[in-house]
Amino acid sequence: MSVSLQAEAIDVATEYAQLVGDQPGAAVATFTGYVRGHSDERAVASLELEHYPEMAQRVLTELGEEAATRFGLSRWRIVHRFGLLGVSESIVWVGAVADHRGHAISACELMMDSLKTDAPFWKREQGQGGAKWVASRSSDAQRRARWQEEEQA
């Protein structure tokens with residue numbers, strides 16, 4: 001149950017093996033996010049991610065702990081990159097181990113939906129016409145809000 005913030009590429013096979021260990025539990029779910037070669041408006045050549053290290057570590061740890069409590073996870077992990085990334089490079093990897101597949105899958109969704117809106121990362125796309133900061137999307141806020149609504153229900 002941990003968080004890693006790193007400039008280096010994410011070794012998905014190693015992350016999975018460490019998450020699962022010698023006792024995979026009943027269900028394991030993971031998600032890997034990659035740099036897209038396009039945005040809504042233009043082609044993207046690269047993506048630069050800046051972050052506030054101490055706050056990012058704290059926020060991602062809190063998100064993992066929230067998912068663990070909410071879905072009864074036995075293990076979880078969040079890995080997020082920063083720095084300059086090329087198209088098709090991994091940005092983020094999350095994993096969850098639970099007693100039921102629905103819980104493991106929902107935990108990954110909660111962690112991803114939450115980190116998209118809550119974690120202090122800033123993205124700048126490089127493409128035709130130069131660099132452009134990526135604005136937050138209303139769809140990300142809506143996905144995050146559904147978890148808050150479910151919690152209050």
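The following exercises, with worked solutions, concern the strands of a predicted model.

**Exercise 1.** Determine the strand order of the open sheet of four strands, and explain why one side of S5 and of S8 is left without a neighbour in the sheet.

*Solution.*
Step 1. The open sheet has the order S5-S3-S7-S8, and its pairing is antiparallel.
Step 2. Strand S5 (83–86) and strand S8 (130–133) stand at the edges of this sheet, and each has a single partner strand, so one side of each is left without a neighbour there.
Step 3. From one strand to the next, the twist averages 25°.

**Exercise 2.** State how many bridges join strand S3 to strand S7, and identify the residue of S7 that stands opposite Val44.

*Solution.*
Step 1. Strand S3 covers residues 44–51 and strand S7 covers residues 121–127; the two run antiparallel and are joined by seven bridges.
Step 2. The residue opposite Val44 is Gly127 in S7.

**Exercise 3.** Decide whether strand S6 is mostly covered or mostly uncovered, and describe how S6 is joined to S2 and to S4.

*Solution.*
Step 1. A residue counts as buried when its relative accessible area is under 20%.
Step 2. Nine of the nine residues of S6 (residues 90–98) are buried, and the strand is thus described as mostly covered.
Step 3. Strand S2 (residues 27–34) runs antiparallel to S6, and eight bridges join them. Within this pairing, Thr32 is found opposite Trp93 of S6.
Step 4. Strand S4 (residues 75–81) also runs antiparallel to S6, with six bridges joining the two. Here Arg75 has Val97 of S6 as its bridge partner.

Conventions: Residues numbered from 1 in each chain as written. Predicted model: local features only at pLDDT ≥ 70, side-chain atom pairs only at ≥ 80, totals over all residues. Heavy atoms only, no water. Pairing = 2+ DSSP bridges. Axes fitted to C-alpha atoms, helices over the stretch in contact; angles between N-to-C directions. Buried < 20%, exposed > 50% of the residue type's maximum accessible area, 1.4 Å probe, protein only.
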